[in-house]
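Hi everyone, thanks for coming. I'd like to walk you through a place where two chains meet, so let's put it up on the screen.

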Amino acid sequence: MATLILKPKHEFTVPVEVEKIIPDNIAGKSLDEVLKIRVYEGNRRRTLGELFEVSGEVAEKPAEQEIIFQRNTCRIRRIGEEMSAGKIIIEGDAGPLAGFKMKGGTLIIKGNAGPWLGAKMKKGFIEVFGDAEGFVGSKLRGEELYSGMSGGMIVIHGNAGREIGAHMAGGAILVEGNAGILPGMHMAKGEIMIKGNCAGWPGTHMIGGKIIILGKVESIAPSFYFEAVKKKAKFVKEKIPGPFYLFLGDVLDNIAIPGKLLISVKNNPHLKYYEQFVEEVKDEWVEIV
Amino acid sequence: MTQLLIKNGFVIDPLNNIHGEVVDIGVKDGKIVPPDDVDLRYAKVIDASGKLVVPGGVDVHTHVAGPKVSVGRLLMPNDHYKKGGRVVAIPGIKRSGTGIAVPSVTTIGYKYARMGWTMVMEAASPPLYTRHTHHELDDTPIVDKGVNLLLDSNWFILEYIEQKAQERVNAFIAWILEATKSYAVKLVDPGSAEAWSLGVATKPLDVDEVIPGTSVTPKDILVALANAVRDLKIPHPIHVHANMLGIPGNYVSTINTIKAVADIVNQRGLSIHLAHIQFNAYKGDSYATMTSGAEELAKLINTLTGVTFDMGQVVFMPTVTMTADAPWEYVLYHITKWKWAAGDVENETASGVVPYTFRRHIYTNVIQWGIGLELALLVKDASKVVISTDHPNAGPFTRYPQIIAWLMSKKARENEMKKLNKRALKRLALPAIDREYTFEEFVLTTRVAPAKIIGVEKFKGHLGVGADADIAIYDIDPRTYDPSRDYKKLVKAIKYAAYTIKGGEIVVKDGKIVKTIYGRTFYTKTRTDPKIMHEVLEDIKSKFNEWYTITFNNYTILEQELHKPYAITPV
Amino acid sequence: MSKTVNSLNLILVTGRTILQGTKVEEKLTKHYEEYAAIVRMHPRDLAKLGLKSGDHVKVIGPGGEVIVKAQRGADVPEGIAFIPLGPWAECVVEPKTDSTGMPGFKGIPVKVVKTGEPITSLSKIYGYNGYPILNLGVSLDIEAKGEIKRYTDVVCPFCGSLCDSLIVNVYGNRIVKVVNACPLGMSKIMGIYENRVLEPRIRVNGELVKVALEEAIDRAAEILVNAKYPVLYGWASTSVETIRLGLELAEIVGGVFDHTATFCHGPTALGFHEIGMPKSTLGQIKNRADVIVYWGSNVTEAHPMHPSRYSFTSIGRFRKGRKDRKLIVIDVRKTGAARNADMFIQAEPGKDFELLVALRLLVQGKELEAPVIAGVPREKVVELAEILMSAKFGVMFVGVGLTMSGAKEKNFEELFRLLHDLNTISKWVVIPMRGHFNVTGADLVTIWITGYPYAVDFSRRYPRYQPGITSTADIFLREEADALLNIASDPLAHFPKKVAEKMLKVPIITIDPKWSLTAAFSEVVIPSAFVGIECPGTAYRMDDVPIRLKKIVEPPPGVLCDEEIVRMLLEKVKEKLGVKK
């Protein structure tokens with residue numbers, strides 16, 4: 001791997017857009033050409049060399065290129081947009097739209113990520129060590145149904161905001177902390193696991209896919225029907241010990257094969273009410289869609 | 001003001017009997033003048049050698065301004081995210097814009113101008129909201145414009161028709177056209193908006209059926225409004241989106257619509273303009289099996305002199321349907337199951353907006369595509385035909401160059417047909433049609449016909465002395481270029497005009513916007529018997545408070561509210 | 001004698017009141033503090049804290065803390081604290097928008113603590129620590145002398161109802177009487193003589209000094225031209241003609257154009273993007289509606305004329321007055337309209353989403369298992385669904401109760417889906433209760449010129465949009481803006497304090513007829529005249545009907561209309577950027 005290191009020359013006080021600074025655009029160029037790549041500082045057109053001190057090496061092929069953004073702020077937008085190979089590491093926070101439409105490669109954010117992280121991702125791997133905001137792996141407003149993330153994997157070690165995985169059509173999202181409301185809204189396919197708590201209404205309008213929540217869920221939307229208690233669940237082929245309440249839905253969306261919510265029994269005593277709807281507690285594996 | 005001399009261009013100007021010859025054109029003070037009147041010391045000379053010079057294009061039916069268009073914009077931010085619609089601002093030259101199927105007003109004006117079009121008629125505006133339509137038209141760059149006013153389900157009109165008081169209908173129309181600064185009388189699925197308000201409009205309304213809540217039929221409305229247009233000498237004949245739009249078998253209703261008014265002829269000899277006729281030319285009884293009613297309709301239209309239509313030609317891409325035909329849009333929503341926005345306008349009309357994608361492999365969509373072209377090719381006189389996509393219903397107007405190619409080149413049609421649903425192609429007459437539009441027919445259908453239908457042929461649609469200097473110069477030479485084989489060149493040449501001149505100003509050069517100016521808004525000021533007008537006004541005022549939610553005085557749009565109003569007073 | 005506690009956890013709801021609304025343009029007066037620095041609580045909650053009306057309490061929330069006066073409110077449900085919109089509420093509410101552009105104004109968990117400390121002064125809130133906030137507003141002394149004129153069909157420039165049958169009597173150049181207006185409109189029109197800005201000012205060495213208009217315009221243009229990411233905000237209380245120019249200005253300076261919908265009905269648009277909605281003009285309601293629902297809208301205090309002009313007490317062609325209609329009110333507290341309603345549903349704050357889903361299940365004929373939904377017993381939800389399904393022509397008027405709490409934008413997506421479902425059974429429409437008199441116009445102008453409704457970013461010379469990224473609150477929370485143009489609005493007072501703190505760090509240009517909080521902290525202040533009173537202009541009503549507002553009296557000498565000011569600013573900016581005419 002050849003590593004290129006980018007250090008801001010001054011503190012950014014307005015948004016900086018770096019959608020062209022991806023391994024696909026850098027590999028195979030001379031350092032001079034790389035310095036001339038267009039970036040934006042608010043409404044001013046700049047070059048990479050004007051805003052960043054650039055050191056390190058340029059690789060020949062994108063898959064061999066690593067780019068490190070040092071000392072970042074939440075004001076840098078569109079990092080890793082449409083990248084298809086190589087690695088980008090942000091040693092700080094990333095602004096909105098990091099990993100937007102990503103097609104491959106790896107994106108590591110050591111701090112927090114802004115909203116729409118990995119939205120419309122097709123392939124690749126994103127890891128955030130801090131928190132992420134809303135619409136992780138989702139789509140932009142008004143776009144076609146189920147046109148969110150369709151592949152790849154996003155791991156968030158901290159908390160995430162609302163509607164993570166909304167309109168997801170494949171891939172997987174793992175949140176180790178808490179998640180906001182409506183994770184997996186309009187999900188068609190894919191897997192989401194939230195190890196912490198969920199602020200409410202997971203999976204509304206799901207037509208497929210699976211959401212596993214290990215912490216407390218404030219409430220489940222009434223359009224999910226309780227099906228059974230399951231001893232274990234599977235997330236990205238790994239066994240997750242339960243037991244879990246299995247809810248199927250979304251009933252309002254009239255689907256043949258419903259989406260699945262697997263909610264921890266232990267941490268959701270307020271859902272005990274639902275146990276009256278089944279005759280016995282079953283002991284099976286959950287099938288993966 | 002700029003003076004121009006366009007030299008050596010190959011001109012087609014049928015209204016002035018120029019059918020393809022080299023003619024120099026002079027421009028001064030925004031008008032066309034004899035070339036000798038141009039002062040060469042101050043004029044810009046454009047050498048149009050090897051290029052086609054024609055009047056600016058005129059669109060007789062397009063949804064570009066007003067409440068439902070903006071509903072469409074708000075409904076489809078995803079249309080605006082697309083790079084293909086992006087217009088980047090160049091300060092001092094052009095404003096920015098977005099959108100492909102539902103562009104912002106800036107994009108609309110620029111993209112029409114870029115194709116060499118210089119006038120558009122907004123297809124449908126509700127009276128209560130027409131101030132909004134004018135706001136949007138005023139912000140639309142370059143093109144001249146006018147408004148078709150929705151009147152078929154208006155409570156006053158319905159009452160006067162029930163009373164069989166034709167003179168009251170006339171007075172009302174004279175008043176409301178001027179009060180809203182509108183140009184022409186528009187009917188959309190006549191009567192359906194009233195039925196829609198009652199919540200009973202799940203069944204489509206046919207021409208001879210009584211409209212729920214009233215004692216009149218759509219036919220009564222058609223006849224009354226056609227009479228009014230004739231009596232008031234309104235330049236444009238009634239502009240009709242016929243009943244039963246979109247329903248298989250509806251070609252019969254379209255024939256009945258035509259027959260209802262065929263002999264109510266205005267002073268230009270025109271009785272009715274059928275909007276986007278493709279959507280009303282279906283034979284059969286289900287979407288999966290419907291076929292083309294184009295042959296029957298073309299046969300009828302070929303025998304009548306007063307009937308004109310615009311195509312409503314389908315193009316295969318994602319687009320947005322929007323009409324005042326609220327019940328039809330509701331049906332379409334249940335087919336697409338994605339987004340639907342509707343808007344009722346008190347006492348007047350309604351609307352619906354539903355995104356839709358026409359696809360090459362879908363049987364029905366291919367039949368629809370074929371129908372539009374069949375109608376244009378089977379009707380013998382191209383001056384009865386106007387090119388349109390009912391923008392954006394059957395596709396964006398930016399696809400007009402492609403449609404022109406389909407009309408002028410059988411090869412272009414065949415290449416498209418290679419990709420289409422074969423079962424549908426077998427049921428269409430189109431594959432066997434050899435006719436190719438000539439360059440003159442192209443000019444007729446995109447300039448002359450619409451100018452005549454709208455009634456502005458005195459200063460639009462021709463290049464004679466006295467006409468507005470609205471000129472398009474295309475980089476093709478009909479003497480040496482045959483679109484029949486190399487139609488792609490035609491598409492490119494029309495999409496990016498070599499020059500577009502509007503009111504004597506060069507606004508497009510080599511397919512790029514070089515100047516932003518704003519055109520005029522035409523409206524009709526017509527007169528009727530003052531005694532009857534007084535009666536009608538008293539009647540309107542007496543009911544206004546109870547029926548409406550704004551005052552009678554605030555309803556009227558003043559001339560100074562429009563940026564460049566231009567009143568046409570019929571003689 | 002029961003035990004009292006020192007602190008109580010409550011759910012905060014902020015909102016409009018008539019009294020707060022009448023003083024919203026006089027924020028630096030004692031009256032305003034009386035009406036806005038209060039927290040209303042249920043008598044039992046007051047008793048738990050051992051308080052009576054008038055005692056001071058500290059309210060602590062995610063945005064910070066503030067000290068206000070407690071007030072007894074029998075209409076406030078137990079467990080809820082109500083603070084009127086304004087700087088005191090903004091100290092406490094949730095500043096973060098959860099990627100929606102909309103901060104958390106309602107349904108916020110707070111702690112209320114008894115205290116003896118004084119009420120937090122405005123000067124303390126804005127970092128002035130005891131020094132009085134600069135107040136350069138003056139009273140206009142215009143004699144009622146000369147010709148007497150009576151203007152009819154006057155359009156009121158206050159709220160989205162855009163009532164247009166006002167009658168105004170003018171004596172010379174002085175308005176002496178207004179008829180057919182509600183207290184809010186009345187106070188605006190009669191109040192044009194108070195607290196005016198009469199001279200342009202720019203900040204020199206920390207002081208706001210009087211200058212000629214040209215100099216103020218020049219300084220403002222300089223600020224905008226130098227900025228790399230300016231925000232041009234406000235717009236909802238001025239004319240369509242002005243907004244058009246504002247968009248051109250934002251495009252040329254490469255900034256962000258945003259207006260008050262960003263924290264008001266923006267979420268309605270966000271829901272609309274996903275699914276659309278059935279709408280109608282208000283006349284359809286007056287003439288035909290037999291079932292009327294107000295959801296999250298405090299109509300009698302925010303739009304007092306709405307019921308009689310357009311809705312449940314209006315006389316239309318087919319429906320005459322209250323007896324021909326069924327009125328349903330859904331809210332977290334019993335508002336004025338609720339007292340008049342055939343059915344009042346008290347929903348738990350932030351849980352409307354569940355109620356919407358439950359109603360959809362019932363309308364679709366599916367089973368509803370939960371016994372309680374959003375705090376409402378299932379039987380009542382079933383009753384509500386039945387009334388909705390039996391309507392001949394139903395309308396839902398929705399307010400910021402739904403935009404500002406819980407699922408926010410997704411409340412609207414769900415609401416519109418409910419209406420689509422209802423339309424398969426009966427006829428239903430929805431009309432959003434827009435606040436400012438021309439916020440609908442601000443939306444529409446922005447839509448037709450850019451394609452997007454608000455929060456439009458022009459930094460790359462073409463429109464881009466995504467609330468949560470390009471919305472004002474988020475931009476300032478990320479400290480991304482370097483200038484703020486504020487027209488016909490008071491953002492420092494109405495955005496959460498943490499957002500206002502960031503706004504204070506950038507140069508602010510204020511264009512306003514009255515002296516506002518934001519004016520006090522601006523670099524440039526330009527006086528303007530009132531649209532609809534001193535200037536003509538067009539505005540759009542909440543149902544998108546455009547109406548032309550009139551000029552009734554002359555503006556004070558030297559004070560121009562917004563349209564002219566923005567035009568001058570635009571010309572100056574073009575000059576500085578070397579843009580050819």
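I'll begin with the contact between the chains and then turn to a sheet. Please keep in mind that this is a predicted model.

So, how many residues of chain B are in contact with chain C? On the chain B side there are 48, and they touch 57 residues of chain C. Several elements of chain B supply at least two residues each to that side, among them α1 (67-75), α3 (105-114), β18 (341-344) and α18 (530-547). The most comes from α1(B), with 5 residues. By class, the side of chain B that touches chain C has 19 nonpolar, 18 polar and 11 charged residues.

Now look at β18(B). This strand pairs with β14 of chain C, residues 278-280, in the parallel sense, over 3 bridges. You can find the partners on screen: G343(B) has K279(C) as its bridge partner, and D344(B) stands opposite S280(C).

Let's widen the view. Those two strands belong to an open sheet of 4 strands, in the order β17(B)-β19(B)-β18(B)-β14(C), with mixed pairing. Why is one side of β17(B) and of β14(C) left without a neighbour in the sheet? Both strands stand at the edges with a single partner strand each, so one side of each stays free of a neighbour. From one strand to the next, the twist averages 20°.

Finally, the helices. Our friend α1(B) lies across β17, β18 and β19 of chain B, running at about 155° to β18(B). Helix α11 of chain B, residues 326-336, also lies across β17, β18 and β19 of chain B, at about 40° to β19(B).

Note on methods: Residues numbered from 1 in each chain as written. Chains lettered and ligands numbered in written order. Predicted model: local features only at pLDDT ≥ 70, side-chain atom pairs only at ≥ 80, totals over all residues. Contact = placed C-beta atoms within 7 Å. Nonpolar A, V, L, I, M, F, W, Y, C, P; charged D, E, K, R; others polar. Pairing = 2+ DSSP bridges. Axes fitted to C-alpha atoms, helices over the stretch in contact; angles between N-to-C directions.
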